[in-house]
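Student: Could you take me through one part of this model up close, rather than touring the whole thing? I'd like to know what sits beside it and what packs around it.

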Amino acid sequence: QQFSDGGRSVFSKKARCAMQPASLSFVGPPSPLPALPALPALPLRSLKASSSSSGSSCSSWSSSSTLLGLAVAIPLSQRWARCRAMRSPRGHKSRSLASSVRRAAMATRLLGSSDLSVTEACLGTMTWGVQNTEEEAHAQMDLAIKEHGVNFIDTAEMYPVPSFAEGWVPGTTEEFIGSWLEKNPECRSKVVLASKVVGFWPNSRVPARRSVPEAADGVVFDCRLDAKSVKEACEASLRRLRTDCIDLYQIHWPDRSVPIFGQLQYKQKNERRDSVPIEETAAALKELLEAGKIRAYGLSNETTFGVCQWAHAAELLGMPPPASIQNSHSLLVRNFEADLAEACAPSNLNIGLLPYSVLCGGLLTGKYGVDKAPPGARFTRFPQFMSRWAPQSSNQKVKVAVEDYERVAKQAGLTMADLAIRWSRTREYIAHGPKSTIRTEGSVIIGGTSCEQLADNLKSFEGPALSEDLQAEVDEIHSKSFNAGCGL
């Protein structure tokens, strides 16, 4: 946990330390550091791997970046009043690929209140198994991790999506990642691996794949977030991912009824009185933390009320609070920016944002014309998936906003996808960096159905984000189309 005399928190200093595992120690204000000799400037683009082939392994990255690692580590040592893990569960040490890539190093940051050091970009994987083969998935991991230095991968037990696609098998994406890790064992210690357990979902095939052997074809169960289900889901994900620890384990969506996936209105008539209490789910996660099966946990598709309830439950149970929240956030969907952003701010609950669908399913790439979708594209194959953004079914406000964003992007010499991703990077809850006393942030989830798309998206993390003038133009468009990508 991180806090300062000027910060606000629902936790006292005593409670913060009590919430940490027994292996933690309290680090007080450091003594003044001696003056250090100036380090030579390091041309980041000169960091080269010892092997120039595109298939070079994680262990072949250049060790010439030792000085860069020292330069990054020095400011970290000056942070005071923090409870820090001296060693992560199961011997995993703090991980960073920031100085281990063959091109300009990708920025890293601590994720929320956790000790997870993640890159500014996070590799999304939800199409692997429906729109992408195992071979294509491995090629994308090679590209993102080995060539671009991404150290953060996000998946889920229910992936791939959509779940109504022909041949859908939940857990396939995790299996693809697991087979890549088995082929590249030296990379596991350098990658922050995130997965999710599904929330309330009646008559789902997902729980049937948690058992060994799995239930017969056609057998379905209700997905709930009771303790037994959470622990069984985690064990199944560990098997498929072929690892003994998931770095960030997330609740995909709540067990209670909430407005998610494009909805804005909370409706009392949809409340479920038998919803699993957050305290029960949290207690199961605490067991997984103590067993070393997960390093941190996060939320997803959560509300301000839910975030505060989770923080309260964590304090009562003497466990760390959530490290992250993964919610939809983009040029067309900005409902995170009010009370939820306040609750998650470093000065309050310190929960890092992992925005998903920053390109709105591909709508913000510019490849879709008015009421048209190119052959083989997501909205062509699955028009009912994310229909709020599909060109065939999105509302007029969405269409007008997309046209305006495309115009602004062209005037700035950017693609619309570049504009959307760079805008996400400017958000203070993603990158509040140097102005913040404590550097804890989020990470932008990006992906692609081809290596070409992925490479283009990763280029948006090179160089600066967006100028203040461009951000102002984006805000002007948003003021006219306010959350156009959402519905009631």
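Tutor: Let's go through one strand and its sheet, then some helices and a few odd spots in the backbone.

A word on ground rules: this is a predicted model, so local features need pLDDT of at least 70 and side-chain atom pairs count only at pLDDT 80 or more, while totals for chains, interfaces and linings use all residues. Residues are numbered from 1 along each chain as its sequence is written, and side-chain values use heavy atoms, with hydrogens and water left out.

The part to zoom in on is strand β11, residues 294–300. Helices here are DSSP runs of H or I with at least four residues, strands are runs of E with at least two, and both are numbered from the N terminus. Seven of the seven residues of β11 are buried, so the strand is largely enclosed by the rest of the structure. Buried means under 20% relative accessible area, exposed means over 50%, and partly exposed is in between, using a 1.4 Å probe and protein chains only.

Now the sheet around it. It's an open sheet of eight strands with parallel pairing, in the order β13-β12-β11-β10-β7-β6-β5-β15. Two strands count as paired if DSSP finds at least two bridges between them. At the edges you'll find β13 and β15, each pairing on one side only. On one side of β11 is β10 (residues 246–251), joined to it in the parallel sense over five bridges; look for I246 standing opposite I294. On the other side, β12 (residues 324–326) pairs with β11, also parallel, over three bridges, and there L299 faces I325. Further along the sheet, β5 (residues 121–124) and β6 (residues 152–154) have a parallel pairing over two bridges, with G124 opposite D154.

How does the chain get from strand to strand? From β10 the path goes over helix α6 (residues 278–290) to β11 as a right-handed β-α-β unit. From β11, helix α7 (residues 304–317) leads over to β12 in another right-handed unit. Right-handed here means that, with the strands pointing away from you, the path from the first strand over the helix to the second runs clockwise. α7 lies across β10, β11 and β12, running at about 150° to β11.

α6 also has a helix partner. Its axis and that of α5 (residues 227–241) come within 8 Å and cross at roughly 35°. Axes are lines fitted to C-alpha atoms, for helices over the stretch in contact, with angles from 0 to 180 degrees between N-to-C directions. The crossing is right-handed: the near helix is turned clockwise from the far one by less than a right angle, whereas anticlockwise would be left-handed. On the α5 side, the contact uses A227, V230, K231 and C234, and on the α6 side E280, T281, A284, L285, E287 and L288. Contact means heavy atoms within 4.5 Å. Those residues split into six nonpolar, one polar and three charged. In that count Ala, Val, Leu, Ile, Met, Phe, Trp, Tyr, Cys and Pro are nonpolar, Asp, Glu, Lys and Arg are charged, and the others, Gly among them, are polar.

Back to the backbone, where a few spots deserve a second look. Most residues other than glycine have a negative phi, and most peptide bonds are trans. The loop between β6 and α4 holds P160 and P162. A cis peptide bond joins Y159 and P160, with omega about 15°, and another joins V161 and P162, with omega about 5°. Y159 and P160 are among the residues touched by T172, along with G129 and R209, leaving aside residues up to four places away in sequence. T172 belongs to helix α4 (residues 172–183) and counts as buried at 12% relative accessibility.

Then there's the loop between α8 and β13, home to N350. N350 isn't a glycine, yet it has a positive phi of about 55°, and at 5% relative accessibility it counts as buried. P346 sits in that loop too, but counts as partly exposed at 34%. Past β13, in the loop leading to α9, S357 likewise shows a positive phi of about 55° and is buried at 14%.
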